[in-house]
Amino acid sequence: RPIWMVCSGNLSSPALSSSGQDFLLNEVEDEESTHDQLRSLIVNYKRPVHGKKYFFDVFASYHEKDWKFVEELERKCKDKSLSVCIPQRDLSVGADKISQSYEVIIHACKRTIAVISPDYINEKVKTHEWRTAFSTSPDLETRPLIPVIYRPCKLPGQMKNITCVDYTNRSQKPYFWSRLLTSLGN
């Protein structure tokens, strides 16, 4: 699938701005090299089972202060037979965080949940994660990015135009998990 990055409001391909520097993406020429690359990035990686395109259904992009929500998310997803990539558990150690999460989000995960909080918004690596997910489908046709407002904060740039589920909104509480899990399963 084509990769488009939104950096400073402009579409560009295939560059990702990292600490002010342009970072050119590795072009994966065939499926075998993709699997070889993912084996080096993901602990216990195996090829997706027949009929599945991705190793994980969901990549959890979150700040460590929001871990309790991610634990609950994983339990609820597991009940629905959805697999969750938790970077601190599933990604290999010793690799560059930005390029590693980029490759895993693009090639191994169907969707990315961004667990939004003030701490999340202020962490540079997290900004790269949600922008990477957004870049896989800038028209949002495949809904690659699902923002979850976990703690109140101002949404950044392009995320303002994406329908979010709001954990902080009392009127959404009765429907929160069913909406989120339905979105992940489609």
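Strand β5 is mostly covered in this predicted model. Its residues number 6, and 6 of the 6 are buried. β5 covers residues 56-61.

β5 has partners in β7 and β6. With β7 it runs parallel, joined by 5 bridges. With β6 it also runs parallel, here through 2 bridges. Val 58 takes part in both pairings: its bridge partner in β7 is Arg 111, and its bridge partner in β6 is Val 84. Phe 59 stands opposite Thr 112 in β7. In a regular strand, side chains point alternately to one face of the sheet and the other.

**The sheet**

These pairings belong to an open sheet of 5 strands. Its order is β6-β5-β7-β8-β9, and the pairing is parallel. The edges are β6 (84-85) and β9 (165-166), each of which pairs on one side only.

What lies on the other side of β7 from β5 in the strand order? It is β8. β7 spans residues 109-116 and β8 spans residues 145-149. The two pair in the parallel sense over 5 bridges. One pair of facing residues is Ala 114 and Pro 147, the latter in β8.

β7 is largely enclosed by the rest of the structure, because 7 of its 8 residues are buried.

The strand pairs with listed bridge totals are these:

| Strand pair | Sense | Bridges |
|---|---|---|
| β5 and β7 | parallel | 5 bridges |
| β5 and β6 | parallel | 2 bridges |
| β7 and β8 | parallel | 5 bridges |

**Helices against the sheet**

Helix α2 is made of residues 67-79. It lies across β5, β6, β7 and β8. Its direction is at about 145° to β7. Helix α4, residues 97-108, also packs on the sheet. It touches β5, β6 and β7. Its direction makes about 130° with that of β7.

**Two tyrosines**

Where is Tyr 120 placed? It lies in helix α5, residues 118-121. Tyr 120 counts as buried because its relative accessibility is 0%. Beyond its neighbours within four places in sequence, Tyr 120 is in contact with Ser 61, Tyr 62, His 63, Ala 114, Val 115, Lys 126 and Trp 130. Among these, Ser 61 falls in β5 (56-61), and Ala 114 and Val 115 fall in β7 (109-116). Lys 126 and Trp 130 fall in α6 (124-135). Tyr 120 and Cys 153 are 33 residues apart along the chain, yet their C-alpha atoms are separated by 9.6 Å.

Tyr 54 sits in the loop between α1 (31-41) and β5. It is buried, with a relative accessible area of 12%; the limit for that class is under 20%. The C-alpha atom of Tyr 54 is separated by 4.9 Å from that of Ala 108, a residue 54 positions away along the chain. Ala 108 closes helix α4, which runs over residues 97-108.

**Ser 81**

Is Ser 81 buried or exposed? At 65% relative accessibility, it counts as exposed. Its place is in the loop between α2 and β6. Its phi is near 60°, a positive value in a residue other than glycine. Most residues other than glycine have a negative phi.

**The second largest pocket**

The second largest pocket holds about 350 Å³ of space. It is lined by 17 residues. Those nearest its centre are Pro 87, Gln 88, Leu 91, Lys 97 and Lys 126. Three elements, α3 (87-90), α4 and α6 (124-135), each give two or more residues to the lining. By class, the lining has 6 nonpolar, 6 polar and 5 charged residues. Lys 126 links this part to the tyrosine above: it is one of the residues in contact with Tyr 120.

**The whole chain**

The protein has 7 helices and 9 strands. Of its 186 residues, 47% count as buried. Among contacts with a separation of 6 or more, 68% come from residues 24 or more positions apart.

Terms used
Residues numbered from 1 in each chain as written. Predicted model: local features only at pLDDT ≥ 70, side-chain atom pairs only at ≥ 80, totals over all residues. Heavy atoms only, no water. Pairing = 2+ DSSP bridges. Helix = DSSP H or I, 4+ residues; strand = E, 2+ residues; numbered from the N terminus. Contact = heavy atoms within 4.5 Å. Axes fitted to C-alpha atoms, helices over the stretch in contact; angles between N-to-C directions. 1 Å grid on protein atoms, 1.4 Å probe; cavity = no way out; pocket = protein on both sides within 12 Å on 5 of 7 lines; lining within 4 Å. Points joined across faces, edges and corners; volume = space filled by probe spheres on them. Nonpolar A, V, L, I, M, F, W, Y, C, P; charged D, E, K, R; others polar. Buried < 20%, exposed > 50% of the residue type's maximum accessible area, 1.4 Å probe, protein only.
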